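Got a few minutes to poke at rings, sulfurs and voids? Here's the model to look at, followed by some quick questions and answers.

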Amino acid sequence: MTLKSISTLGRRKFLKTAAASGALAAGIGAPAVHAQARTIKIGYVSPQTGPLAAFAEVDGYTVDGFLETVGGGVQSGSKNFNFEVVIKDSQSNPSRAAEVAKELIVDDEIDIMIVAHTPETTNPVSTICEIEEIPCISTLAPWQPWFIGRQGNPGDPGSWTSFDYTYHFFWGLEDLIAVFTNMWNQLETNKSVGGLFPNDADGNAWGDPNTGMPPALDAQGFSLTDPGRYQNLQDDFSAQINAFKENEVEIVTGVVLPPDFATFWTQARQQGFVPKAASIGKAILFPSAVNAIGDSAQNLSSEVWWSNHHPFSSSLTGDTAAEMCSGFESSTGRQWTQPLGFLHALFEIIADVAKRIDSVNDSEEVAAAIAATNLETIVGPVAWNGANLPPFAQKNVTKTLLVGGQWRKSDDGLFRLVIVDNTTYPDIPTAGEMQEIS
């Protein structure tokens, strides 16, 4: 039987059976040998090319830093685990993400998968890992599209089930809505909100009439104009802009690809539509994307998952968030970006899990070790303890912290993120107040 022919059985179960058989044979007729250091092979899928490539800007820097930090391995009892990381490019395409996940599992024979950067990447990879019984840790996607979007029937909560091998850490839509409305409430507006929701996992989750933004905004007295789902990478947002103008929208929100928001924002200005606030997920998380927009990016706002002002340190290196951002900028000549903290945290968790397992070949043991994680990381505490989550998600999700910020041009001409609302987590300091777009 070849390795490729056993995927339906589950590669882990096959390897465990083979290992047990080998151990028995060695006990019967082979001399005893001393155990050697075991290398844990980590598979990592990210969108290194395509419209989501800005998320992966820190990949090489972070992976190299991790391997250098753990160059001597990690001790677990009498065992020593070394690490190897195999990176695959999803090309910002969900089908490609699933394809390379299979390659990592079958061809590269990885032990643990990590994946990040929006549901378009995390969901297909996590689903493949669940099928193949490969422990997987994911992040950088709101938990609702990650968990609900992977269900057989996302519209039927009664049918939702938990997962055995896939675990996720990030914030949820409830946290983002709280942050956005806290920022908007600092301004004088008519509370008329326009939504930009694409036809993808993120957009469908954000615009869902039952579990997304509409009911939450309505409960806080905001009215939502939702022109309907649009296709990613479209070149004309006139229909959305006209709908917003007709409904006197003063606040725009949504979860938009960086090139799509640049198109929308340029066309909105050309057509005389300038809202008082634009709080956008995904598109304006990165300094490179914001600086490319130019002067009209002043006071665009977004959620802030992590920053150089977050009061946390790495469990691997001891670096503070400020030191990590400074190190990235001095080493690369580029501005720090939010995924830097969360990608590093993925490797913090991997190293911590390695300290608590006996055999990386036992997928159930590794998954149980992930579930038992209780770690202070560079992005804050990570523990799959079910806190502040509905019962159906408590096994597989743990939430991280979220505040709100605006982009402001600095004296050097570059835009930098300024935290303007910390109501959701006061220990993260603000550096200004919410200002209207002009």
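**Rings, sulfurs and a void**

Phenylalanine 180 and tryptophan 184 are both buried in this predicted model.

Q: How are the planes of phenylalanine 180 and tryptophan 184 arranged: stacked, edge-to-face or tilted?
A: The ring centres of phenylalanine 180 and tryptophan 184 are 5.9 Å apart, and the planes make an angle of 40 degrees. Stacked needs under 30 degrees and edge-to-face over 60. So 40 degrees fits neither label, and the pair counts as tilted.

Q: What separation along helix α6 do phenylalanine 180 and tryptophan 184 have?
A: Both sit in helix α6, which covers residues 173-184. They are four residues apart there, so the separation is about one helical turn.

Q: How many residues apart are phenylalanine 312 and tyrosine 425, which also form an aromatic pair?
A: This pair is tilted, at 6.3 Å centre to centre with 45 degrees between the planes. It ties together distant parts of the chain: phenylalanine 312 is in the loop between β11 and α12, while tyrosine 425 is in the segment after β16. Both residues are buried, and along the chain they are 113 residues apart.

Q: Which ring does the charged end of arginine 150 sit over?
A: Look for the ring whose centre is 4.7 Å from that charged end. The cut-off for a charge over a ring is 6 Å, with an angle condition on top. The ring belongs to tryptophan 146.

Q: Why is there no bond between the sulfurs of cysteine 129 and cysteine 136?
A: Both cysteines are buried, with cysteine 129 at 0% relative accessibility and cysteine 136 at 0% as well. A disulfide needs the sulfurs within 2.5 Å. The closest cysteine sulfur to that of cysteine 129 is in cysteine 136, and it is too far for a bond, at 4.1 Å.

Q: How many disulfides does the model have?
A: Cysteine 136 is in no disulfide, its nearest cysteine sulfur being that of cysteine 129. Across the model, the disulfide count is zero.

Q: What is the volume of the largest cavity?
A: With a threshold of 30 Å³ or more, the model has one cavity. The largest cavity has a volume of about 100 Å³.

Q: How many nonpolar residues are in the lining of the largest cavity?
A: The lining has 16 residues, and Pro142, Asp202, Lys282, Leu285 and Glu303 lie nearest the centre. By class, two are polar and three charged, and the nonpolar ones number eleven.

Notes
Residues numbered from 1 in each chain as written. Predicted model: local features only at pLDDT ≥ 70, side-chain atom pairs only at ≥ 80, totals over all residues. Heavy atoms only, no water. Phe/Tyr/Trp six-rings, centres within 6.5 Å; stacked < 30°, edge-to-face > 60°. Helix = DSSP H or I, 4+ residues; strand = E, 2+ residues; numbered from the N terminus. Buried < 20%, exposed > 50% of the residue type's maximum accessible area, 1.4 Å probe, protein only. Lys NZ or Arg CZ within 6 Å of the ring centre and 35° of its normal. 1 Å grid on protein atoms, 1.4 Å probe; cavity = no way out; pocket = protein on both sides within 12 Å on 5 of 7 lines; lining within 4 Å. Points joined across faces, edges and corners; volume = space filled by probe spheres on them. Nonpolar A, V, L, I, M, F, W, Y, C, P; charged D, E, K, R; others polar.
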